[in-house]
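Here is a short report for someone meeting this structure for the first time. Take a look at the model, then read on.

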Amino acid sequence: GNARGGALGDCIASILDYAGFKASREFYVNDGGNQIEKFGLSLDIRYQQELGKAIEMPEDSYHGEDIVEHARNFIKLYGDKYLNENEAVRRKALVDYALPINVNTLETDLLKYRIKYDNWFRESSLYASGAASNVVAMLMRNGYTYENEGALWFRATDFGADKDFVLVRSNGHFTYIVPDIAYHYDKLVTRGFDKAIDVLGADHHGYVQRMRIALKALGIDETKLDAVICQMVRLVRGKETIKLSKRSGKAITLATLLDEVPIDAARFFFNLRDPNTHLEFDLDLAVEESSQNPVFYVQYAHARICRILEKTAAEGIVLNPVDISFESPAELALIRKLASLPSEINLAATEYNPSRITRFCFETAQLFHKFYDECKIIGSEEIVLQSRLALCHATRTTLKNMLSLLKVEAPEKM
């Protein structure tokens, strides 16, 4: 799901830029609140276990091998120095050690995936700056909160929601929604973006409504927040659903996937369907070099055009289409497809839907292969030769530009 969301958000930003907007890519690092407390707890228990203490891991803690690995590496550096230390001090030391490693690994994996974020925004900065406290204070001043059983509630029902929700628990800790409200306030007010586009997991429909209501209560136009709900991905090989890596026996991560599947295929496949539809990712098909593999099929069309243009150039044929003549239905169908590109770009941008571009690429490749099969190029009379060469040039340029939006390579030879 995250691998799909990454490719999806990156391509949406590229399409928005191409359509004339100015998009900024931002990664929100959950390094505050409950996630970090659970991370610290999990590291702490693994650390103590590795040093011989008989202590159980809670069911809702992080049970991944990476936590064990962090604990072992921490011991290599510090030994049992923190074993008898105050719990809060020990957990802080473990988190301060492990979190930067996780973020750096994530950034490295994403760069390999051809995603470079303009900004890595840390949730912790919202606590440190007082931004989280400020939005709660604003909601209180605006009269949209009340206390019940020691907790501070937000009057979401005043804005048409089914029920109110808690902002501050009775123990004084913020719920997860508070830093999220502060984050969107920071983007839309403090930094002044015209739109905030969240790429979210499949279970976030209710979250979007709550966030828009909270923004409205803060006096912000709630339509400035848009969300792309990204459905889950099912990895399949043949008819079998794959949940674990053969090599490591662990859950499949993005890094593991890219060891098996070409980056071009991963980025193209993850954008093959509308974001809000379930996606079946065929691992065998992604590496297959045949017309059944959609990304190979598109790349082969580009390479085929390059070969035609290289061959005509070698024969001394110079592109100089003084007159143009198109009569074949295959030519006209390809021209109409190329002419539809501006409309496709605008729709892909306004709908936040890169699958329009992958479909456009595939359909353009289909029409080109049909044109190539039906229309003779070399050996045609001059006006026909020049017309068809011009159409080859236009198709190659279009395919290359659209593949570049997806950050998929356009090879000249295959």
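The report goes from the whole chain to one small sheet and then to two single residues.

**The whole chain**

This is a predicted model. The protein chain holds 16 helices and 10 strands. Its C-alpha atoms fill a box of roughly 85 × 55 × 35 Å along the principal axes. The chain has 414 residues, and 46% of them count as buried. Contacts across the sequence matter for the picture: among those with a separation of 6 or more, 70% link residues 24 or more positions apart.

The accessible surface of the protein chain is about 21,200 Å². Carbon and sulfur atoms hold 50% of that surface. The chain carries 50 positive and 58 negative charges. The mean positions of these two sets lie 1 Å apart.

**A sheet of three strands**

Next comes an open sheet. It has 3 strands, in the order E9-E8-E10, and the pairing is mixed. E9 (240-241) and E10 (279-282) are the edge strands, each pairing on one side only.

Strand E8 covers residues 233-237 and runs parallel to E10. E8 and E9, in contrast, run antiparallel. The table sets out both pairings.

| Strands | Direction | Bridges | One bridge pair |
|---|---|---|---|
| E8 and E10 | parallel | 4 bridges | valine 236 (E8) and aspartate 282 (E10) |
| E8 and E9 | antiparallel | 2 bridges | arginine 237 (E8) and glutamate 240 (E9) |

E8 and E9 form a hairpin, with 2 residues between them. Glycine 238 sits in the turn and has a positive phi of about 70°.

How many of the 5 residues of E8 are buried? The count is 4, so E8 is mostly covered, where buried means under 20% relative accessible area. Helix H10 (residues 263-270) lies across E8 and E10. The helix runs at about 160° to E10.

**Aspartate 198**

Now to a single residue in another strand. Aspartate 198 is found in strand E6, which spans residues 196-201. Is aspartate 198 buried or exposed? Its relative accessible area is 9%, so aspartate 198 counts as buried. The cut-off for buried is under 20%.

What does aspartate 198 touch, leaving aside its neighbours within four places in sequence? Its contacts are His184, Lys187, Tyr207, Leu225, Asp226, Ala227 and Val228.

**Alanine 301**

The other residue lies in a helix. Alanine 301 is part of helix H12, residues 294-314. Alanine 301 counts as buried because its relative accessibility is 0%.

Which residues does alanine 301 contact, apart from its neighbours within four places in sequence? They are Ala365, Phe368, His369 and Leu399. Leucine 399 is 98 residues away from alanine 301 along the chain. The C-alpha atoms of alanine 301 and leucine 399 are separated by 8.5 Å.

**In brief**

The chain has 16 helices and 10 strands. Three of the strands, E9, E8 and E10, make up the open sheet described above. Aspartate 198 in E6 and alanine 301 in H12 are both buried.

Notes:
Residues are numbered from 1 along each chain as its sequence is written. This is a predicted model: local features need pLDDT of at least 70, side-chain atom pairs count only at pLDDT 80 or more; totals for chains, interfaces and linings use all residues. Side-chain values use heavy atoms; hydrogens and water are left out. Buried means under 20% relative accessible area, exposed over 50%, partly exposed in between (1.4 Å probe, protein chains only). Contact means heavy atoms within 4.5 Å. Accessible areas come from the Shrake-Rupley method with a 1.4 Å probe; for residues, only the protein chains shown count as cover. Lys and Arg count as positive and Asp and Glu as negative; His and the chain ends are not counted. The place of a charge is taken as NZ of Lys, CZ of Arg, CG of Asp or CD of Glu. Two strands pair if DSSP finds at least two bridges between them. Axes are lines fitted to C-alpha atoms, for helices over the stretch in contact, and angles run from 0 to 180 degrees between N-to-C directions.
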